Amino acid sequence: MATSSLSNPTKPCCFLFFFLLSSLLHCSRAGRIAVYWGQNGNEGTLAETCATGNYAFVNLAFLCSFGSSRTPQLNLAGHCDPYSNACTNLTRDIRLCQANGVKVILSIGGGAGAYSLSSKDDARQVAAYIWNNYLGGTSSARPLGDAVLDGVDFDIEGGGPSYYGDLAKYLWAYGAKAGKKVYLTAAPQCPYPDASVGEALETGLFDYVWVQFYNNPPCQYSRTGGAANLEESWRRWTRGSTPRTSSSAYRLRPSLRAAGSFRPGASSPTSSRR
């Protein structure tokens, strides 16, 4: 993820925090914060992150390679090496998080991965891999051990937008068949509709959407333009999250990159990137 271009982020971040907080007070279940964990060596352990009590969702970032005949690859930076099965040590942390009511989600994509879906059948195969290796299926080589994650986050920032709606449908169907809720979330850029997951969101299967209101000059706070662009983008997204049928509505959540690195215990808006 790119870092903020603001030379002194304190004032804008404070402003955005209060703006987003006031917006959330008008949304259902305000204050349910999500955080991305896995790409910052200073963020503490997964168990420590969940133990703060700050977060309702922790997105494990990232499954950074998949689709189009690629070998799926989990990258949790310096936390563990999946190739030596070291990430299976996270099983205990994942279960502790879930025991504390925190949903642990696998985030796929990211800003530096190699991924794409080449066909509907490719989406089906990727869904089968994710279900069997991270969700409620079975595999002899589960990267995180036998812990069962709660869902999948679509942080798609490259590789084209095709077939992610199909991927969402297949993942949802796996959960429905097994009688297990599979949470589907997404992290689109704030220009509306998002170029990467906009079509997938039209499926109506996503539970939460955390929009990235940062590193996007047309729809973020700026020193010269103030909050006008951000407010207009927020209005467009809130209109878009109220579809034609109530059964397909998702919960809209703003996302803001935290100013600098911080450890568990630091506060952040509804979805934060470390």
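Select Y163 to begin: in this predicted model the residue is partly exposed, with a relative accessible area of 34%, and its phi is near 75°, a positive value in a residue other than glycine. Keep the surrounding backbone in view, since Y163 lies in the loop between strand 6 (151–156) and helix 5.

Next, select helix 5 (residues 164–178) together with helix 4 (residues 120–134), whose axes come within 8 Å and cross at roughly 45°. That angle makes helix 4 oblique to helix 5, and the crossing of the two helices is right-handed. To display the contact, show K120, A123, R124, V126, A127, A128, I130 and W131 on helix 4, and D166, L167, Y170, L171, Y174, G175 and A178 on helix 5. Colouring these residues by character gives eleven nonpolar, one polar and three charged.

Move then to strand 2 (residues 57–66), where F62 has its place, and look at the peptide bond from A61 to F62, which is cis with omega near 5°. In the loop between strand 2 and strand 3 (73–74), select S68, which has a positive phi of about 55° although it is not a glycine, and which is partly exposed at a relative accessible area of 26%.

A further cis peptide bond runs from Y192 to P193, with omega near -5°; P193 is found in the loop between strand 7 (183–186) and helix 6 (198–201).

Finally, select the whole protein chain, whose secondary structure comprises seven helices and ten strands, and in which buried residues make up 50% of the 274 residues. A surface representation corresponds to an accessible surface of about 12,200 Å², of which 50% belongs to carbon and sulfur atoms.

Notes: Residues are numbered from 1 along each chain as its sequence is written. This is a predicted model: local features need pLDDT of at least 70, side-chain atom pairs count only at pLDDT 80 or more; totals for chains, interfaces and linings use all residues. Side-chain values use heavy atoms; hydrogens and water are left out. Helices (H or I, at least four residues) and strands (E, at least two) are DSSP runs, numbered from the N terminus. Buried means under 20% relative accessible area, exposed over 50%, partly exposed in between (1.4 Å probe, protein chains only). Accessible areas come from the Shrake-Rupley method with a 1.4 Å probe; for residues, only the protein chains shown count as cover. Axes are lines fitted to C-alpha atoms, for helices over the stretch in contact, and angles run from 0 to 180 degrees between N-to-C directions. Angles under 35 degrees count as roughly parallel, over 145 as roughly antiparallel, 65 to 115 as roughly perpendicular and the rest as oblique. A crossing is left-handed if the near helix is turned anticlockwise from the far one by less than a right angle, and right-handed if clockwise. Contact means heavy atoms within 4.5 Å. Ala, Val, Leu, Ile, Met, Phe, Trp, Tyr, Cys and Pro count as nonpolar, Asp, Glu, Lys and Arg as charged, and the others, Gly among them, as polar.
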